[in-house]
Each structure stands twice: as C-alpha cells, then as structure tokens.
Amino acid sequence: MQTGTYAELEARLTGLATAAAGGDAAAAGSLMRELEALAAAPACREGWPRPGSVAFKAFDVFLEVEGADRSSTLEGLAGPFLRAIAAHPETLGVPHGFRPAATLGLSAIPLLVALLDSGLRRTTRAAIEALGEYNPNNEVGFKLAGEAVSRLLAYADGEAVADGLMKIEWNDERLWLLFRVLADGNSLLPANRGPAAPVALARLVAATATITGSGADRLRALLLRAKLIPKAMAPGIVLARLPKQLPHTVAEALALMTAWELTPAEVAAKGPARAREIEALANHVSARLPQELRQLLATHAALGSRDFGPPARMRQLFREMRGTIEDDEEEADDPPSGRGRYDVRGFDPAKKAIPLGSDPSGDLFFLATGAKSEANAAPVIRFRHDQALVATIAADSLGEYVALILARAYARREGLEAQLDKLEGRKRTIVSGYRPPKR
C-alpha cells in the first residue's frame, strides 16, 4: 500500500471506531475485520501514515469517544487493535487511554502477555545498549514491551499476571530487557509500583532461578533493591550503589571509571585531544582555560555521546551559545525568575564561559569561569534551549560534571536511575560571580 492508501484507510477506520464506540455492532464487526487484515499487511516504513499509526489512531479515537459505554465492544476489539499495533510497531506504542485492568479485567492478560512477547522479540540488548543515554523507548520493540509491562503490573491479581508471564520463553537476554523496562521508568518505586508487581515478579524470579547471566543478575538485583524479593532469591547478588556525594575534582571523578569498572565504550570516552586542538579552543573562547580542563582534555577529548568535547565541537557550541542568547533577548518578555533559575547573561558568557557539551534535548552546558559554587569552584551551568535566557546549575564543579557523566552510565547499567535522579536534582547554589542584568 502507498501512503495515500493508508491515509484513506485511517479515515475509514477512525469512522468505524467512532461508530463502534457508540454501539454500532455492524461497524464493530467491520472494524474487527479491517484490523485483522491490517495486521497481516506487508510491513511499510515509508511515508506517513503507516499501518501501525493507522491502528494506533483508530484505537485512540475509539477510546476517546465521549459518553460511550464501550466496555462490551472493547472486549472484542482489543485483540485486533493490539495485534495490528504489534505487527507494525511504531514509537507511538499503545494509546494512553487503554486501561485493561479497569475496563476488561483478567481477560486482557493474555493479550498483554502476547504484546510483551512481541516487543521482546523485536528488540535486543545490544540495540538498547547502543542507544546509550538516548531514550530506549525510541526502539519500537522496547516501547511495546514497556507498554505491556506497565499495564500488566496495574492488575491487583498478581497470581493471574504471574501465570501469564510463565507462558513467555525466558532467557538471560529477555530478563535483561525486562530489567531495563522496569528500571527505565522507575516503575518499581513505591509511588509507581503496580499492585501485581510483588507477587508476579517474585514468581517470575523463582521460575527463572536456573537462568544465569548478567541479565538475570541485573533483574534480581533490581527487585532485591526494591524489596520485592528476599535475599534468598538473589544468591551472590551484591547491590550496586551510587555515592550520596560525587567528587568535585576531575582526578577523583575519572577514578570512578576504575571503581565502577566502566569501559570506554560505556561512557563514549575518546582521547586524548591533541595539544593543537586544546590551544585552538583556548584561542577561540574569551575565558582562560583552567588547568584542570586542559588536563581533562589531555586525557579524554570527549566523554558521553555529546556531554563533553571534543574541542572542535566546544568551539562550535561557543558560537551557537552567543547566537542563542541574542535570539532569546529578542523573544524574552521578562528575565528568568524563580528558585534555582538564573538569567544566563548574569554569568557573562561572552567573556567567562567555556562550553563543554550538550544533552539530547539540546540544552547546552558551560563552565562559568567567573562564578563560584558552594564547592568553591567554577560551576557548570545548564542553558535551557526551550526557555529563553533560563540557566540552572548542572554541577558544582567541572569534576562533579564529569562524575555525573560517568554516574549516568553506571546507573543505566545497574538500574540505579532513582539514585541518579537524587544526585542530579540536589540543590546547588551560586555564592559569587553571578550578576543578573539590570531590567
């Protein structure tokens, strides 16, 4: 099918979905047949809409019809909807309004288990690890698996969910993928934990006790840390932890690579930078390069996918930063205000800033050489790409910034996202060198 054909199909299916949600049995029957045919259609990854997006749109429309009592119709259509989505997965996943635990009860568990199994089959540990700091939900199989797990754990009957999970063929690779799904969304925190989690996941661990490998170990450690399984179910597991305070010097931060046994690939470490590259950077920015930054570049030209370096990119970011500030000054109605929010101009970035890197969202990080944090060091400032002139404190020092890059990789590997969030979100303060511009 061509894109135009799928656009026509989307219009037809959304019309049928609206009618079916309103109680039209004939429309429901037609929609069911269309969805099954869509599930069997050849894969299409060109243009938009595509088969998976058509199924998602029709399902979303069905769920959003106001004033409709669709529970009986949904029971017959949930399977066809999910099979079409699973056959042609997109990063859209499953509509947010699909809450089977509340609307369909236990009858939907086999459908969700099939969705989970399909997601696990469509992705690999290698594919997710290759994403590094990027959102694993951008990988369609991982997204499907996550959608299924969150809905399964929303059930109150953990035994029924466990019975469903037992029908999946588990191995170390799949246990690792489940570990990443659970860790990625902090779904085992008490506030986020579904009612079925304790019983269902404990039974899964018991049933897979003979499976060995790093995937099985990571899952058991995650569940042990969440107090969902006893120590007896995780023999030999030593729980990894992040420190409550990260180091502030670069030397101490780099020592964490050895302490945490991080490989260069895990932290995208490059280097060292050539002396002429470091000098080119020093000549390009107005601020004097601190010796500690020179030593870091002489060890690693880059760390993280884009968090730090290399020198040529840092020079480019300096130009981009100045241009962005000029654009923001034209757009901003009022200067930034509020706790923890600074006006980026107060750090005099044209003269006293050295760009270090950016994050996947586009926020830029720079070393504010004219300011001091509570650590009596130049802080690293986060310049928000989507909030005019807004800056926040990313780290109290260059060393802490490097440590955070390494901590993210370690947390990703060990499932320590909740601990990482506390480190990244702790309160930081500028004690000198910040002068907000006059209104």
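This is a short talk on the inside of one protein: its cores, its cavities, one of its pockets and its aromatic pairs.

Hi everyone, and thanks for having me. Before anything else, please keep in mind that this is a predicted model.

Let me start with the overall picture. The protein has 439 residues, and 51% of them count as buried. Its C-alpha trace spans about 75 × 55 × 40 Å along the principal axes. If you scan through the secondary structure, you will find 19 helices and 7 strands. As for contacts, take those with a separation of 6 or more: 70% of them are between residues 24 or more positions apart.

Now, to the cores. In soluble globular proteins, nonpolar side chains tend to be buried together. Here, the largest nonpolar core has 83 residues, and Phe98 and Leu182 are the ones with the most contacts inside it. There is also a second, separate core of 66 residues, which includes Ala253, Ala287, Phe318 and Tyr342.

Let's stay with Leu182 for a moment. What does leucine 182 touch, leaving aside residues up to four places away in sequence? The answer is Val149, Leu153, Ser187, Leu188, Leu201, Leu219, Leu222 and Leu223.

Leu182 also brings us to the cavities. The structure holds 2 cavities of 30 Å³ or more, and the largest has a volume of about 50 Å³. Leu182 is part of the lining of that largest cavity, along with Leu116, Val149, Leu152, Leu153, Val161, Leu165, Leu178 and Leu201. Three helices each supply at least two of the lining residues: α8 (140–152), α9 (158–165) and α10 (172–184). How do the lining residues of the largest cavity divide by class? There are 9 nonpolar residues, no polar ones and no charged ones.

The second largest cavity holds about 30 Å³ of space. Around it you will find Gly52, Ser53, Phe56, Ile85, His88, Pro89, Glu90, Leu92 and Gly93. Its lining divides into 4 nonpolar, 4 polar and 1 charged residue. Helix α3, residues 51–64, gives the most to this lining, with 3 residues.

Next, a pocket. The second largest pocket has about 670 Å³ of space. Its lining comes to 26 residues, and those nearest the centre are Leu189, Arg225, Ala418, Gln419 and Lys422. By class, that lining has 14 nonpolar, 4 polar and 8 charged residues. Helices α10, α12 (214–225) and α19 (417–425) each supply at least two of the lining residues. Which of the helices gives the most to this lining? That would be α19, with 5 residues.

On to the aromatic rings. The count comes to 10 aromatic pairs, and I have picked two to show you. In the pair of phenylalanine 62 and phenylalanine 81, the ring centres are 6.0 Å apart and the planes are at 50°, so the pair is tilted. This pair links distant parts of the chain, with phenylalanine 62 in helix α3 and phenylalanine 81 in helix α4 (residues 71–87), 19 residues apart. Phenylalanine 62 is buried, at a relative accessible area of 0%, and phenylalanine 81 is buried too, at 0%.

My other pick is phenylalanine 347 with phenylalanine 366. Why is this pair called edge-to-face? The ring centres are 6.3 Å apart and the planes are at 75°, and planes over 60 degrees apart count as edge-to-face. Phenylalanine 347 is in the loop between β1 (342–343) and α17 (349–352), while phenylalanine 366 is in strand β3 (residues 364–368), so the pair ties together parts 19 residues apart in sequence. Phenylalanine 347 is buried at 2% relative accessible area, and phenylalanine 366 is buried at 0%.

One more thing about the rings: Phe62 and Phe81 belong to one aromatic cluster with Phe59 and Phe98. Phe98, you may remember, came up with the largest nonpolar core.

I'll finish with an aspartate. Aspartate 307 lies in the loop between α15 (291–299) and α16 (311–331). Is aspartate 307 buried or exposed? Its relative accessibility is 5%, so aspartate 307 counts as buried, the cut-off being under 20%. Not counting residues up to four places away in sequence, aspartate 307 touches Glu133, Leu356, Gly357, Ser358, Tyr401, Ile405 and Arg408.

Thanks for listening!

Conventions: Residues numbered from 1 in each chain as written. Predicted model: local features only at pLDDT ≥ 70, side-chain atom pairs only at ≥ 80, totals over all residues. Heavy atoms only, no water. Core = buried A, V, L, I, M, F, W, Y, C linked by side-chain atoms within 4.5 Å. Buried < 20%, exposed > 50% of the residue type's maximum accessible area, 1.4 Å probe, protein only. Contact = heavy atoms within 4.5 Å. 1 Å grid on protein atoms, 1.4 Å probe; cavity = no way out; pocket = protein on both sides within 12 Å on 5 of 7 lines; lining within 4 Å. Points joined across faces, edges and corners; volume = space filled by probe spheres on them. Helix = DSSP H or I, 4+ residues; strand = E, 2+ residues; numbered from the N terminus. Nonpolar A, V, L, I, M, F, W, Y, C, P; charged D, E, K, R; others polar. Phe/Tyr/Trp six-rings, centres within 6.5 Å; stacked < 30°, edge-to-face > 60°.
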